[in-house]
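Trainee: Could we go through this model together? I would like to discuss its internal space and its ring contacts.

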Amino acid sequence: CWAVGERCVAMESLLFLSSAALALRPSMESLASADGQHVIQSFYESSVFVTADLRDAMCRLIPRVTVVMEDVIQSILQVKWDTSDLGVHHSPYVDMVHARFVDLCGALDQMESFLPPKMRRVIVRGAVLHVMEGLVEGYSRIRRSGANTPLIISNDISTLKASLELLTRLKPFPFSKHAENFAKAFFLDINSPEMIVEWARQHAEYPSHQIAGLCQSLGAKESSAVFGRTVQTSDRVKALLAQVAQVSKHHALPSSSITVAQLAGEG
């Protein structure tokens, strides 16, 4: 399924060949002429030394292939986030994510005979990180939020976390703080821009556009709560957006720099 098994076997084979090539290098260099030395160095730099980077890139790609989030994000945007009714049920997008993990774990179970346990752990943990980042992307696009928005989001995250914990058997369950901390940010007050800017400064794991989206949502909540202050709130949001853009311009998602060791829970 998704050629995950083939990708992993190919990558493991390539890493084995890379280690063999490294072991042979001293012998090759001792037999090579001066021109040959240059050829050997060029070969190792272009083909052997990059295999670890290729493995990292593949491990970051597999979760995006196996757990598609675009329609989940669209489902998030269809939720009525400004409702005053907390309700007792979770939002539909939670079930969508759970179903994808059922498929993923089922496919990995079928590959158990040839998929290294560490690689399975890397794939599953990578998928969890991918989902948490995708959820935050969806939450950052919410434009009509209310007082209960962070509570509804927190309930959804808790429900999803509990279901995926059972399904993946990952303990402790990783990366959920990425979504949980963003949910708490909906408690921030647009009338306290210094607090929002400081929050943005402290959370380098959220890209600038996600923090900007949060500010716009907070501004929309204030405008709807206080009739007749839309223009004033809009001006405040514009000023705030300029400030958070400055402090968050170098922010990046965790997945952009995470290593295989960290995905495996070793780092």
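Mentor: We shall take the cavity and then the aromatic pairs, bearing in mind that this is a predicted model.

Trainee: How many cavities of 30 Å³ or more does the structure hold?

Mentor: The structure holds one. The largest cavity has a volume of about 90 Å³.

Trainee: Where does the largest cavity lie with respect to the domains?

Mentor: It lies between domain 1 (1–66) and domain 2 (67–264), because both give residues to its lining.

Trainee: And which helices each supply at least two residues of that lining?

Mentor: Helix H3 (51–66) and helix H6 (117–140) each do so. The lining includes Cys59, Arg60, His130 and Glu133. By class, the lining residues divide into five nonpolar, three polar and three charged.

Trainee: Changing topic, how many aromatic pairs are there?

Mentor: The structure holds nine aromatic pairs. In one of them, the ring centres of Phe43 and Tyr44 are 5.4 Å apart with the planes at 85°, so the pair is edge-to-face.

Trainee: Is Tyr44 buried or exposed?

Mentor: Tyr44 is buried at 0% relative accessibility, whereas Phe43 is partly exposed at 40%. In addition, Arg25 lies over the face of Tyr44, 4.8 Å from the ring centre.

Trainee: What about Phe182 and Tyr206?

Mentor: Their ring centres are 5.1 Å apart and their planes stand at 65°, so this pair is edge-to-face. Phe182 lies in helix H8 and Tyr206 in the loop between helices H9 and H10, so the pair ties together parts 24 residues apart in sequence. Phe182 is buried at 0%, and Tyr206 is buried with a relative accessible area of 0%.

Trainee: Which residues do ring pairs link into a cluster?

Mentor: The cluster consists of Phe182, Phe186, Trp199 and Tyr206.

Conventions: Residues numbered from 1 in each chain as written. Predicted model: local features only at pLDDT ≥ 70, side-chain atom pairs only at ≥ 80, totals over all residues. Heavy atoms only, no water. 1 Å grid on protein atoms, 1.4 Å probe; cavity = no way out; pocket = protein on both sides within 12 Å on 5 of 7 lines; lining within 4 Å. Points joined across faces, edges and corners; volume = space filled by probe spheres on them. Helix = DSSP H or I, 4+ residues; strand = E, 2+ residues; numbered from the N terminus. Nonpolar A, V, L, I, M, F, W, Y, C, P; charged D, E, K, R; others polar. Domains from an automatic or database assignment. Phe/Tyr/Trp six-rings, centres within 6.5 Å; stacked < 30°, edge-to-face > 60°. Buried < 20%, exposed > 50% of the residue type's maximum accessible area, 1.4 Å probe, protein only. Lys NZ or Arg CZ within 6 Å of the ring centre and 35° of its normal.
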